[in-house]
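Work through the exercises below with the sequence and the 3D structure at hand. Try each task before you read its solution.

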Amino acid sequence: MSKRLLGAAIATAALSITPFAMSHLDDEEPMQSYRQSYFTLLAMNFGPIAGMLKGEIPWDEAKLLKLAEDFSAVASVDVARAFGPGTDGGKTRSKPEIWENTDDFLEKYGDLQEAAKMLVPAASTGDKQEVGKAVRAIGGTCKACHDEYKSKDYL
Ligand code: ASC
């Protein structure tokens with residue numbers, strides 16, 4: 001067997017025994033993991049855009065557009081199911097208020113998904129003012145939710 005085939009066989013065998021052991025996913029708390037990965041993806045695409053606006057990262061229209069596309073693609077994925085009943089607790093910064101005021105929480109999350117739709121059109125113009133407007137609108141929806149529903153530290 002070639003080294004490559006052997007490697008593939010080992011990887012397949014490992015996967016069939018412990019499906020999640022090699023991934024970032026915490027199989028004890030899959031929904032907590034899922035939503036943390038989701039918001040990490042959002043932040044890792046939004047952050048550099050904000051950085052370009054602040055002049056901390058060189059302005060690069062092509063990179064900006066790609067970041068905007070990726071951010072918007074992720075934001076279009078509905079993470080609401082990761083906040084279902086029984087998914088409070090564990091290693092999380094999600095405050096219990098999310099499960100007490102679910103409708104309000106989901107409305108605020110919907111605001112983010114709506115605002116996110118502004119970003120690609122704004123980035124496509126290459127106009128700093130337009131990008132700034134979209135980033136402030138999106139940032140406002142992040143903050144609105146974090147103020148009430150995100151703890152600074154793990155609970
Ligand atoms: C980010 C990030 C957030 C938001 C928020 C905006 O880049 O990780 O959570 O922006 O700071 O208010």
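A residue counts as buried when its relative accessible area is under 20%, as exposed when that area is over 50%, and as partly exposed in between. Keep in mind throughout that the model is predicted.

**Exercise 1. Decide whether S72 is buried or exposed, and find what its side chain reaches.**

Solution. Begin by locating the residue: S72 belongs to helix α3, which covers residues 61-75. Next, take its relative accessibility, which is 18%, and compare this with the cut-off of 20%; because the value falls under that cut-off, S72 counts as buried. Finally, follow the side chain of S72, which reaches the backbone oxygen of A68 at a distance of 2.8 Å.

**Exercise 2. Apply the same reasoning to L119, and state how far its C-alpha atom lies from that of E69.**

Solution. L119 is found in helix α6, which runs over residues 119-125. Its relative accessibility is 1%, and therefore L119 counts as buried. As a last step, compare sequence with space: L119 and E69 are 50 residues apart along the chain, while 7.9 Å separates their C-alpha atoms.

**Exercise 3. Describe the surroundings of the ligand, beginning with the residues and ending with their classes.**

Solution. First list the residues around the ligand, which are A43, F46, G139, C142, K143 and H146. The protein buries 59% of the 310 Å² that the ligand exposes when taken alone. Then assign the shell to elements: α2 (30-54) and α7 (128-149) are those that give two or more residues to it, and α7 supplies the largest share, namely four residues. Look now at G139, where a backbone N or O atom lies 3.1 Å from an oxygen atom of the ligand. Sorting the shell by class, one arrives at three nonpolar, two polar and one charged residues.

**Exercise 4. Which residues form one aromatic cluster, and over which ring do the charged ends of K91 and R93 sit?**

Solution. Two ring centres must lie within 6.5 Å of each other for the rings to pair, and the count by this rule is seven aromatic pairs. One aromatic cluster is formed by Y38, F39, F83, W99, F105, Y109 and Y149. Turning to the charges, the charged end of K91 sits over the ring of Y154, at 4.2 Å from the ring centre. The charged end of R93 also sits over the ring of Y154, at 4.8 Å from its centre.

Terms used
Residues are numbered from 1 along each chain as its sequence is written. This is a predicted model: local features need pLDDT of at least 70, side-chain atom pairs count only at pLDDT 80 or more; totals for chains, interfaces and linings use all residues. Side-chain values use heavy atoms; hydrogens and water are left out. A residue is near a molecule or strand if one of its heavy atoms lies within 4 Å of it. A polar contact is a pair of N or O atoms within 3.5 Å; within protein, one must be able to donate a hydrogen and the other to accept it, and residues adjacent in sequence count only if both atoms are side-chain atoms. Accessible areas come from the Shrake-Rupley method with a 1.4 Å probe; for residues, only the protein chains shown count as cover. Ala, Val, Leu, Ile, Met, Phe, Trp, Tyr, Cys and Pro count as nonpolar, Asp, Glu, Lys and Arg as charged, and the others, Gly among them, as polar. Rings of Phe, Tyr and Trp (its six-membered ring) pair if their centres lie within 6.5 Å; planes under 30 degrees apart count as stacked, over 60 as edge-to-face and the rest as tilted. A charge sits over a ring if NZ of Lys or CZ of Arg is within 6 Å of the ring centre and within 35 degrees of the ring normal. Buried means under 20% relative accessible area, exposed over 50%, partly exposed in between (1.4 Å probe, protein chains only).
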